[in-house]
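Here is a short tour for the bench, to be read with the structure open beside you. Take your time and turn the view as you go.

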Amino acid sequence: MVSPTSLKAISSLLLGLGFFSASVALLYQYSLTRSPKPRLWTADELALYNGTDEGLPLLLSILGSVFDVTKGKSHYGPGGGYHHFSGRDASRAFTSGNFTGDGLTDSLQGLTSEQVNSVVNWRKFYTERYIYVGKLVGRYYDQEGNPTKYLKGVETKAKRGAQLLEKQKNEESKIPGCNSKWSQSEGGEVWCDVGYPRLMRRSGDIELTGQISQRCVCLKEEELTKSGLVEYKGCAYLSRSCVV
């Protein structure tokens with residue numbers, strides 16, 4: 001017959017074994033889900049980290065930089081609004097908004113400098129908020145992890161886009177914009193507290209966006225003869241408000 005002392009010893013041993021087993025299980029789980037050390041990744045390797053295997057972290061790549069986004073699992077995991085970014089480099093979709101088929105590509109071919117700058121800013125966002133785990137070999141980094149000519153070209157174009165945006169912002173700050181409002185029942189209206197509303201072409205738009213756009217500005221009466229200004233249809237020459 002087992003004595004009370006022996007029973008106590010056995011219980012302590014079993015308890016210790018149970019604690020040890022639980023610790024091993026937790027350590028094993030941690031080893032699966034913790035962020036990998038920064039290294040070079042292939043596209044096939046990265047594809048495994050798209051959330052279909054719950055034992056692996058969630059990874060995504062942008063401009064060839066790979067990040068662990070596991071802490072955002074509700075967004076980047078299966079069923080999340082950003083799951084299409086996981087396990088791949090879909091740099092183009094960060095600015096195009098096309099999250100299907102050919103839109104989920106790392107190519108930025110044909111994008112404007114403003115759009116390319118937007119993608120570079122997204123990379124900065126991930127650098128600041130998530131864990132960097134390496135580089136994706138391919139379009140942006142070679143087999144040794146060196147930046148490719150394509151990446152250098154992207155960064156040059158983004159820098160140019162940032163400069164143009166800053167120049168546009170500075171120029172537009174010199175000319176006050178119109179007030180505006182819109183409602184489904186009454187439509188839209190623009191007005192100036194000082195000056196008269198006119199449409200003016202935005203500088204640098206062709207290089208920035210590939211298109212021409214205009215903004216409503218408030219000008220003094222002596223400025224209304226400037227070239228390139230457009231009057232609002234149906235609006236009196238010196239009216240301070242116009243229906244649009």
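## The three-stranded sheet

In this predicted model, three strands make up an open sheet, arranged in the order E5-E6-E9 with antiparallel pairing. Its edges are strand E5 (179-183) and strand E9 (241-243), each of which pairs on one side only. From one strand to the next, the twist averages 15°.

Let's look at one of those pairings. Strand E6 (residues 187-191) and E9 run antiparallel and are joined by three bridges. If you find Trp191, its bridge partner in E9 is Ser241.

## Arg215 and its surroundings

Next, go to strand E8 (residues 214-219), where you will find Arg215. Is Arg215 buried or exposed? Its relative accessible area is 16%, which is under the 20% cut-off, so Arg215 counts as buried.

The Arg215 side chain reaches the backbone oxygen of Ile175 at 2.8 Å. Leaving aside residues up to four places away in sequence, Arg215 touches Glu172, Ile175, Pro176, Gly177, Arg198, Leu199, Met200 and Arg202.

## Two nonpolar cores

The largest nonpolar core has 24 residues, and Leu63, Leu108 and Tyr126 touch the most other members. Strand E2 (59-62), helix H4 (93-96), helix H5 (113-129) and helix H6 (149-173) each give two or more residues to this core. H5 gives the most, with four residues.

Beyond four places away in sequence, the residues that Leu63 touches include Leu108, Val119, Val120, Leu151 and Val154, and also Asp89 and Arg123. A second, separate core has nine residues, among them Val190, Cys216, Cys218 and Tyr232.

Technical notes. Residues are numbered from 1 along each chain as its sequence is written. This is a predicted model: local features need pLDDT of at least 70, side-chain atom pairs count only at pLDDT 80 or more; totals for chains, interfaces and linings use all residues. Side-chain values use heavy atoms; hydrogens and water are left out. Two strands pair if DSSP finds at least two bridges between them. Axes are lines fitted to C-alpha atoms, for helices over the stretch in contact, and angles run from 0 to 180 degrees between N-to-C directions. Buried means under 20% relative accessible area, exposed over 50%, partly exposed in between (1.4 Å probe, protein chains only). A polar contact is a pair of N or O atoms within 3.5 Å; within protein, one must be able to donate a hydrogen and the other to accept it, and residues adjacent in sequence count only if both atoms are side-chain atoms. Contact means heavy atoms within 4.5 Å. A nonpolar core is a set of buried Ala, Val, Leu, Ile, Met, Phe, Trp, Tyr and Cys residues joined through side-chain atoms within 4.5 Å.
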